[in-house]
Amino acid sequence: MAAPGPLPPRRRPRRGSIERPINGRLYRGTWLLIALPLLVAAFSVGRPATLPAPTLPPAFDEQGARTLAAELATRFPDRSPGTPGALGAARWVAAELRAYGLPVTTDAFDETIAGVGRRRLRNVSAVIGGEAGQAPQTIVVMAHRDDRGQGPGADDNASGTAALIELARAYAAPPSGTNAPPVTAAHRIVFLSTDAGNYGGLGALHFVATSPYGKDVVAVVNLDAIAGRGPPRLEIAGDAPRSPAASLVRTAAARIADETGAEPRRPSGGAQLIDLAFPFSLYEQAPFVGHGIPAVTITTSGSRPPAAFTDVPERLQARRLGAVGRAAQDLLGSLDQGLELAQGTTSYVWLGDRTVPGWAIELVLISALLPFVVAAVDLFARCRRRHVALAPAFRAYRSRIVFWLVVGGLFELFALAGAWPHGTVAPLSTAVGAARHWPVVALGGLAVLAALAWLVARERLLPRRPVTAAEELAGHTAALLALGVAALLVVAINPFALLFVLPSLHAWLWLPQWRGRPWAQAALLLAGLAGPCLLLWSLGSRFGLGWDAPWYLAALVSIGYVGLGPLVVFLGWTAGGAQLAALTAGRYAPYPDADERGPRGPIRELVRTLVLAVRRHRGVTAERRRALAG
């Protein structure tokens with residue numbers, strides 16, 4: 001008996017068939033279109049101008065500033081909002097400013113702080129250079145004086161408050177040991193001591209919204225934790241996808257380098273891009289930048305305030321405080337001389353000493369969306385040419401998105417009931433318990449209600465028979481087109497947020513190409529989650545939230561910091577991902593026809609009865625009206 005011959009080679013599915021539906025050549029060819037936006041972005045890189053240094057040398061008393069910081073931290077160790085210590089600190093700052101003959105105003109207001117409650121807050125300000133409505137331009141020098149109540153807050157932020165007082169002194173009295181007159185300001189300068197800076201920058205937010213000088217502010221310098229052991233650092237992120245004028249940031253860096261001998265640090269290019277995609281900062285420049293006012297924070301801390309238990313007067317670095325204070329005084333002088341060159345906000349990413357404009361980055365991100373859109377539309381056209389029924393697949397997606405919208409609605413109802421943190425729309429302080437303590441009971445209740453909603457929705461989504469390859473392809477096509485619509489909505493809301501969406505689009509596009517290979521499909525499905533994981537990693541690592549980052553993000557939704565539009569788009573994206581996950585797990589089924597549906601459950605029967613009753617009532621009412629009219 002002759003030995004059996006070799007098996008015939010396995011033939012690769014034909015391009016364009018149901019087994020190989022994605023047009024790889026078209027997808028790869030479309031990527032060539034991104035070359036032009038990349039070229040435009042490369043040629044748009046520029047080096048911002050630096051404002052000239054002030055003519056007068058700085059007269060900043062570092063020992064005097066350290067003494068003031070230590071006194072504030074020692075006399076009022078608990079300056080958390082609404083406490084007696086906060087009131088005493090506000091009066092202390094006002095008295096220090098009045099001692100130099102400056103006109104001082106205290107603005108008291110009430111705010112609801114998420115995780116804390118309703119508190120009485122106070123902003124203390126001294127104004128030099130004119131009254132409201134007389135000087136057209138205003139420069140704000142700012143520092144918050146509150147702490148988190150977990151330590152004396154010597155660095156965060158008694159150091160910034162002390163520097164603020166020292167800077168104000170230069171405009172009110174001659175430098176020590178000289179007979180020179182006070183520094184004369186060409187613009188109005190507001191020295192602002194804010195409250196609740198550690199709790200979402202509520203004092204800064206209130207100043208922007210209500211101050212008579214708010215509409216005239218054209219530059220803001222914020223001093224926060226400037227006497228730590230870390231190197232000086234600039235924070236520029238806003239609570240909108242904007243950045244302060246690049247000349248302001250470049251001038252701040254130059255003045256710090258003049259005093260310290262080294263360039264200050266900035267967030268990395270990737271971190272800056274994430275901050276544009278998800279606008280968020282724990283520092284007080286954010287509300288100003290979000291309102292279109294250029295603002296920069298100078299700090300010696302990282303993306304979050306220093307640890308409270310080590311923030312004691314004995315650890316204050318007088319030399320660092322003096323260097324940063326002199327740099328801030330130089331920066332203020334540069335702005336006062338050439339402010340017209342550092343106005344406005346835009347968007348960009350710093351790479352070294354150069355910037356890439358935001359519009360060029362948006363163009364690249366939108367161009368990166370095109371290969372997916374072209375391939376998904378081509379897939380839809382192929383299904384149409386092959387007469388693949390897509391309507392049941394779209395109805396299945398409809399059921400999923402309705403379920404996720406119901407979950408989102410339940411989350412908002414729990415928020416209205418007070419189950420989640422609520423308060424003024426501002427970043428939630430990472431120091432309050434609400435930012436880290438998961439409300440297990442409320443989340444369990446939400447999970448139970450979501451499970452009940454799923455029991456209703458799953459009745460139309462369970463497989464009742466073997467699903468054909470064409471029906472699976474239709475399910476993939478419907479989900480991919482829905483993801484494309486979600487991506488276009490992201491472009492309309494914030495194009496930078498495509499950073500979180502593009503991985504899922506380009507990874508999940510190939511799921512129908514790998515049907516029958518569960519491990520490869522599972523890997524693609526997980527790769528598509530890289531975008532949301534990037535956001536959670538940023539919150540967890542940069543802001544010290546760790547594994548509490550998912551709950552913190554949910555808390556930002558509950559207080560309204562994340563708006564309704566992004567939430568709805570995320571739920572639509574989640575519904576598309578859920579349909580693709582069901583296909584990968586072999587649990588997908590197209591929406592059943594009328595003869596395939598089982599009997600209605602009690603909830604559906606109740607809804608149907610109510611709808612029919614309303615229709616009958618409307619019909620009877622209409623008949624009566626016609627009869628009376630006749």
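Q: Two strands pair if DSSP finds at least two bridges between them. What makes strand 5 and strand 8 a pair?

A: The model is predicted, so local features need pLDDT of at least 70, side-chain atom pairs count only at pLDDT 80 or more, and totals for chains, interfaces and linings use all residues. Residues are numbered from 1 along each chain as its sequence is written, and side-chain values use heavy atoms, with hydrogens and water left out. Strand 5 (residues 217-223) and strand 8 (residues 295-299) share 4 bridges, in the parallel sense. The requirement is at least two bridges, so the two strands pair. Val-221 of strand 5 has Val-296 as its bridge partner in strand 8.

Q: How do you know that strand 3 and strand 5 pair as well, and in which sense do they run?

A: Strand 3 (residues 138-144) is joined to strand 5 by 5 bridges. That meets the bridge criterion, so the two strands pair. They run parallel. Val-141 is the residue opposite Val-221 here.

Q: What makes a stretch of chain a helix or a strand, and how many of each does the protein have?

A: Both are DSSP runs, numbered from the N terminus: helices are H or I over at least four residues, strands are E over at least two. By that rule the protein has 20 helices and 11 strands.

Q: Why is strand 5 called largely enclosed?

A: A residue is buried under 20% relative accessible area, exposed over 50%, and partly exposed in between (1.4 Å probe, protein chains only). In strand 5, 7 of the 7 residues are buried, so the rest of the structure largely encloses the strand.

Q: What makes helix 8 largely enclosed, and what do its buried residues pack against?

A: Helix 8 (residues 269-277) has 7 of its 9 residues buried, so it too is largely enclosed by the rest of the structure. The buried set is Ala-271, Gln-272, Leu-273, Ile-274, Asp-275, Leu-276 and Ala-277. These residues pack against several elements, including strand 10 (348-351), helix 11 (358-385) and helix 17 (530-542).

Q: Why is Ser-80 called buried or exposed, and what does it touch?

A: The relative accessible area of Ser-80 is 12%, under the cut-off, so Ser-80 is buried. Ser-80 sits in the loop between helix 3 (62-75) and helix 4 (84-98). Contact means heavy atoms within 4.5 Å. Beyond its neighbours within four places in sequence, Ser-80 contacts Ala-86, Asp-147, Arg-148, Gly-149 and Tyr-199.

Q: How do you know that the side chains of Ser-80 and Asp-78 make a polar contact?

A: A polar contact is a pair of N or O atoms within 3.5 Å; within protein, one must be able to donate a hydrogen and the other to accept it, and residues adjacent in sequence count only if both atoms are side-chain atoms. The pair from Ser-80 and Asp-78 lies at 2.7 Å, so it is within the limit.

Q: Why is Phe-207 called buried or exposed?

A: Phe-207 has 6% relative accessibility, so it counts as buried. Its place is helix 6 (residues 202-210). Leaving aside neighbours within four places in sequence, its contacts include Val-140, Leu-192, Val-217 and Phe-288.

Q: What makes Ala-196 and Ala-225 stand out in their backbone?

A: Most residues other than glycine have a negative phi, and most peptide bonds are trans. Phi of Ala-196 is near 60 degrees, a positive value. Phi of Ala-225 is near 55 degrees, also positive. Ala-196 lies in the loop between strand 4 (188-194) and helix 6. Ala-225 lies in the loop between strand 5 and strand 6 (233-235). Ala-196 is buried at 0% relative accessibility, and Ala-225 is buried at 1%.

Q: Which form does the peptide bond from Asp-156 to Asn-157 take?

A: The bond is cis, with omega near 5 degrees. Asn-157 belongs to helix 5 (residues 154-170).

Q: Why is Gln-579 called buried or exposed?

A: Its relative accessible area is 0%, so Gln-579 is buried. Gln-579 lies in helix 19 (residues 564-585). Not counting residues up to four places away in sequence, Gln-579 touches Ala-393, Arg-400 and Tyr-588, among others.

Q: What share of the 630 residues in the protein is buried?

A: Buried residues make up 54%. Among contacts between residues at least 6 apart in sequence, 82% join residues at least 24 apart.
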